[in-house]
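Thanks for coming. I have one structure to go through today, and I will take it piece by piece. Please have a look at the sequence and the model first.

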Amino acid sequence: MTAFFVALGLEVEGRAFVEGEFLETVCGIPDSRTEIVMLRSPDGGARLELARFVRPDAVPGSPVAMANELGLRNVSFEVDDVRAVVDWAAGEGYGLVGGIGEYEGAWRMAYVRGPEGIVVSLAERIG
């Protein structure tokens, strides 16, 4: 997952493991341990935290969940060239959820299904 977002232009800011009372309190799972990777946009204006459970084992979700299924299914990014990012994603084995569309001559958008089924919404300002 980290490599996917780095390829989209984010930079790794840090990586850490968290466990103990704090994590158990926050997530409600006793004896849990998680790995956190902090990513930031090149201009430092946005951050994205990726987390994965080391303990207990992860419970798989639906890798084909659509963007309207309840739960976090999608994250959005503005990109310079939607078609180029879609082509890159296809080369990495990730496909479009639907197609590439244009909204009122102002935006070009597409949903790409990335690692672990996450839907990444790509938006390019065109107008």
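One definition before the rest: when I say strand, I mean a DSSP run of E of at least two residues, and strands are numbered from the N terminus. Keep in mind that this is a predicted model.

With that in place, I can start with the pocket. The largest pocket holds about 1,100 Å³ of space. Of the 31 residues that line it, the closest to its centre are Met 1, Ala 51, Pro 115, Glu 116 and Ile 118. Which element gives the most to this lining? Strand 3 does, with 6 residues. At least two lining residues each come from helix 1, which covers 2-7, from strand 2, from strand 3 and from strand 4, at 74-78. As background on the method, rolling a probe the size of a water molecule over the atoms shows where empty space is left.

Now the overall layout. The chain has 3 helices and 7 strands. Reading from the N terminus, the order of elements is α-β-α-β-β-β-α-β-β-β. Along the principal axes, the C-alpha atoms fill a box of roughly 50 × 30 × 25 Å. The chain is 127 residues, of which 28% count as buried. If we take contacts between residues at least 6 apart in sequence, 44% of them join residues at least 24 apart.

Next, the sheet that strand 3 belongs to. It is an open sheet of 3 strands in the order 1-2-3, with antiparallel pairing. Strand 1, at 11-19, and strand 3, at 47-55, are the edges; each has a single partner strand, so one side of each is left without a neighbour in the sheet. From one strand to the next, the twist averages 20°.

Going pair by pair, strand 1 and strand 2, the latter being residues 33-40, are joined in the antiparallel sense by 8 bridges. Opposite Met 38 of strand 2 stands Gly 14, and opposite Leu 39 of that strand stands Val 12. Strand 2 and strand 3 also run antiparallel, with 8 bridges between them. Here Val 37 has Leu 50 of strand 3 as its bridge partner. The hairpin of these two strands has 6 residues between them, and within that hairpin Gly 44 takes a positive phi near 75°.

One residue of strand 2 deserves a slide of its own: Thr 34. Is Thr 34 buried or exposed? Its relative accessibility is 4%, and since buried means under 20%, Thr 34 counts as buried. A polar atom of the Thr 34 side chain lies 2.8 Å from the backbone oxygen of Arg 52. Beyond its neighbours within four places in sequence, Thr 34 is in contact with several residues, among them Ala 16, Phe 17, Leu 23, Ala 51 and Phe 53.

Moving to the C-terminal strands. Strand 7 is residues 119-125, and 6 of its 7 residues are buried, so it is largely enclosed by the rest of the structure. Strand 4 runs parallel to strand 7, joined by 5 bridges, and one such pair is Asn 74 with Val 119. Strand 6, residues 107-113, pairs with strand 7 in the antiparallel sense over 7 bridges. In that pairing Met 109 has Ala 123 as its bridge partner. The hairpin of strand 6 and strand 7 has 5 residues between the strands, and Glu 116 in it takes a positive phi near 55°. Glu 116 is also one of the residues closest to the centre of the largest pocket.

Last, some backbone geometry. Most residues other than glycine have a negative phi, and most peptide bonds are trans. Where does this chain depart from that? Arg 55 and Pro 56 are joined by a cis peptide bond, with omega about -10°; Pro 56 is in the loop between strand 3 and strand 4. Asp 31 has a positive phi, near 55°. Asp 31 sits in the loop between helix 2, at 21-27, and strand 2, and is partly exposed at 47% relative accessibility. Glu 104 has a positive phi near 50°. Glu 104 lies in the loop between strand 5, at 101-103, and strand 6, and counts as exposed at 67% relative accessibility.

That is the tour; I will take questions now.

Key: Residues are numbered from 1 along each chain as its sequence is written. This is a predicted model: local features need pLDDT of at least 70, side-chain atom pairs count only at pLDDT 80 or more; totals for chains, interfaces and linings use all residues. Side-chain values use heavy atoms; hydrogens and water are left out. Two strands pair if DSSP finds at least two bridges between them. Helices (H or I, at least four residues) and strands (E, at least two) are DSSP runs, numbered from the N terminus. Axes are lines fitted to C-alpha atoms, for helices over the stretch in contact, and angles run from 0 to 180 degrees between N-to-C directions. Buried means under 20% relative accessible area, exposed over 50%, partly exposed in between (1.4 Å probe, protein chains only). A polar contact is a pair of N or O atoms within 3.5 Å; within protein, one must be able to donate a hydrogen and the other to accept it, and residues adjacent in sequence count only if both atoms are side-chain atoms. Contact means heavy atoms within 4.5 Å. On a 1 Å grid over the protein atoms alone, a cavity is a set of points where a 1.4 Å probe fits but cannot get out, and a pocket is an open set with protein on both sides within 12 Å along at least five of seven lines; lining residues have an atom within 4 Å of a point. Grid points are joined across faces, edges and corners, and a volume is the space filled by probe spheres set on the points.
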